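Visitor: I would like to go through this model and ask what stands behind each term used for it.
Guide: Then let us look at it together.

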Amino acid sequence: MISYTSLFIGGQWVAPSTAATISVTSASTEEVIGVVPEGAPADADAAVAAARRAFDDPTGWASLEPSRRAETLEKLAAAIGESSEDIVRLVSEQNGMPISTARTVEGGFPGALLRLYAGMVRDQQLEEERPGMFGGHVVVRRQPVGVVAAIVPWNFPQTLLFSKLAPALAAGCTVVIKPSPETVLDVFRLAELLEQAGLPHGVVNIVPGGRELGAYLVEHPGVDKVAFTGSTPAGRSIAEACGRLLRPVTLELGGKSAAIVLDDAELVSSAQDLFGATLLNNGQTCFVGTRILAPRSRYDEVVDVFTAMAASAVVGDALDEATMVGPMASSTHRDRVEGYIAQGKSEGARLTTGGGRPERDRGWFVQPTIFADVDNSATIAREEIFGPVLSIIPYGDIDDAVHIANDSGYGLGGTVWSQDLEHAGAVARRVQTGTVGINHYIPDPAAPFGGVKGSGLGREFGPEGLANYQQQQSIYFPPV
Ligand code: NAD
């Protein structure tokens, strides 16, 4: 049982303003595994004030040479590397992510992102001189945007946090993190490492809480920029608030991506990549291809491949090394996923495997489930289920496949499966989403990641991810 009684604000462990707490439960055993203080508005005020002070300090974080900030980020990456197993186990226990996935993703991305952005700011030219169009010259400067509110979900709590924290810190911003109540223990563990890496006081502050606290932070007068990952409805409401306040915001939201199987795809030898691109993290992944578009010429075979894949996936405790599909993150979330399965059945889709709960006496498990003969207008093809539930949709020719793929309120990911990489690339170019994978799907931190339509605004990762945390100032020098 892990217990914290203080909040990490201003570089100190401080008493929370209220006695409210968050209990964290293991998704696999339903046992309470930890308790932390819940942040209240007064704690958010203290966190924003600490971040503001740290940002405004004329000799502080924002004014350091980028190479000094880069050094600290690299120290933090090393500290995280040493405690990685601790952190990934906490993530797995809390949200049900299979430990093997947690090790690669949650254990790998934070350090990689810190090193990526450390390198990027080390090489970045902060001031550029341009000849003026009317004589004189202009100095164009890149400056950190200020205090960032980073609001993250529970499904990849570390990776999605570091997709904001690493570029924000590299740019010289200070940050208030609001983790999801389901996954707080890994972030408290991280706070200890921030101290160890020597991050100046107030540069990173943590206030755990629910949606109300998140909304409070979004509108806080001391916040200069909001970076959000979560559901589309929450993203819309945050966008509205930021629009009114004219506050810069990046939104990484939901998805309903298509996996387009072309008629020459080699599926059997791609089993591992297919699984990763469609069922990663028990389907609790924004970018997975949950609509499988299968050519009529090979339709039965594609249904058989996915049915066999789902039926043979090892379902079990997230901490078990053999587990391929763990439990849903919470009982409420399992109810939601089961609601969609019931809807799929009632709307006439053909269930080929799963559809119920595996025989286990505890944990919020759902069987990996495949629906065939799904129409793209069905609820299970339109809405994000966020569980191990895939819909197989038949198509005629390539134009039909592209039309179905693009006929969605979302536009985040997608995949194209073919032995002909050139042809697959040509199809990928017609898909209206922020990212597409060919014969696999793994977001690459070197390149921008994000969505169009209901999947969000802006991009994380790559140099584009750093630009979110920098603004330009032009200084006009007169002719001499
Ligand atoms: P959620 O929107 O319920 O919550 C996400 C975070 O925002 C939590 O910390 C929550 O407390 C907070 N929050 C909720 N409503 C808020 C509001 N109105 N104002 C401010 N903060 C608010 O999402 P979730 O259920 O935790 O996560 C799952 C969702 O996240 C899925 O829709 C998934 O697709 C999406 N997601 C997107 C990406 C991406 O990169 N595009 C990545 C992972 C997850």
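The conversation below takes up the annotated domain, two sheets, the cavities and the largest pocket.

Visitor: What kind of model is this?
Guide: It is a predicted model.

Visitor: What does the UniProt record place at residues 13-474?
Guide: The unreviewed UniProt entry gives the feature "domain: Aldehyde dehydrogenase" for that stretch. Such annotations may be inferred rather than shown by experiment. Over residues 13-474 the model has 40% helix and 20% strand, with the end C-alpha atoms 40 Å apart.

Visitor: What makes S1 and S5 a pair?
Guide: Two strands pair if there are at least two bridges between them. S1 and strand S5 (residues 32-37) are joined by two bridges, so the requirement of at least two is met. The two strands run parallel. Ile 2 has Gly 34 in S5 as its bridge partner.

Visitor: Which sheet do these strands belong to, and which strands are its edges?
Guide: The order S1-S5-S4 describes an open sheet of three strands with mixed pairing. Strand S1 (2-3) and strand S4 (21-25) are the edge strands, since each pairs on one side only. Helix H3 (residues 84-95) packs on this sheet and touches S1, S4 and S5, with its direction at about 90 degrees to that of S4. Helix H6 (residues 185-196) also touches S1, S4 and S5, and its direction makes about 60 degrees with that of S5.

Visitor: Why are S10 and S22 said to stand at the edges of their sheet?
Guide: That open sheet has six strands in the order S10-S9-S8-S11-S12-S22, again with mixed pairing. Strand S10 (204-206) and strand S22 (456-457) each have a single partner strand, so one side of each is without a neighbour in the sheet.

Visitor: How do you know that S12 and S22 pair?
Guide: Strand S12 (residues 249-252) and S22 share two bridges in the antiparallel sense; the criterion is at least two, so they count as a pair. Gly 456 in S22 stands opposite Glu 252.

Visitor: What does helix H1 lie across?
Guide: Helix H1 (residues 41-56) lies across strand S8 (147-151), strand S9 (174-178) and S10. The helix runs at about 160 degrees to S9.

Visitor: Why is a space called a cavity and not a pocket?
Guide: In a cavity a 1.4 Å probe fits but cannot get out, whereas a pocket is an open set. The search of the whole structure finds two cavities of 30 Å³ or more. The largest cavity holds about 80 Å³ of space, and the second largest has a volume of about 50 Å³.

Visitor: Which residues line the largest cavity?
Guide: Its lining has 15 residues, with Ser 257, Ala 258, Arg 291, Gly 413 and Thr 433 the closest to the centre. Strand S13 (257-261) and strand S18 (410-411) each supply at least two residues of that lining. S13 gives the largest share, three residues. By class, the lining has six nonpolar, seven polar and two charged residues.

Visitor: What lines the second largest cavity?
Guide: Among its lining residues are Lys 256, Cys 286 and Glu 384. Four nonpolar, four polar and two charged residues make up this lining. Cys counts as nonpolar, while Lys and Glu count as charged.

Visitor: What makes up the lining of the largest pocket?
Guide: The largest pocket has about 1,000 Å³ of space. It is lined by 41 residues, with Arg 211, Phe 228, Gly 230, Ser 231 and Ala 234 nearest its centre. Helix H7 (211-218), strand S11 (225-229), helix H8 (232-245) and helix H11 (331-346) each supply at least two lining residues. The largest share, seven residues, comes from H8. By class, the pocket lining has 19 nonpolar, 13 polar and nine charged residues.

Conventions: Residues are numbered from 1 along each chain as its sequence is written. This is a predicted model: local features need pLDDT of at least 70, side-chain atom pairs count only at pLDDT 80 or more; totals for chains, interfaces and linings use all residues. Side-chain values use heavy atoms; hydrogens and water are left out. Helices (H or I, at least four residues) and strands (E, at least two) are DSSP runs, numbered from the N terminus. Contact means heavy atoms within 4.5 Å. Axes are lines fitted to C-alpha atoms, for helices over the stretch in contact, and angles run from 0 to 180 degrees between N-to-C directions. On a 1 Å grid over the protein atoms alone, a cavity is a set of points where a 1.4 Å probe fits but cannot get out, and a pocket is an open set with protein on both sides within 12 Å along at least five of seven lines; lining residues have an atom within 4 Å of a point. Grid points are joined across faces, edges and corners, and a volume is the space filled by probe spheres set on the points.
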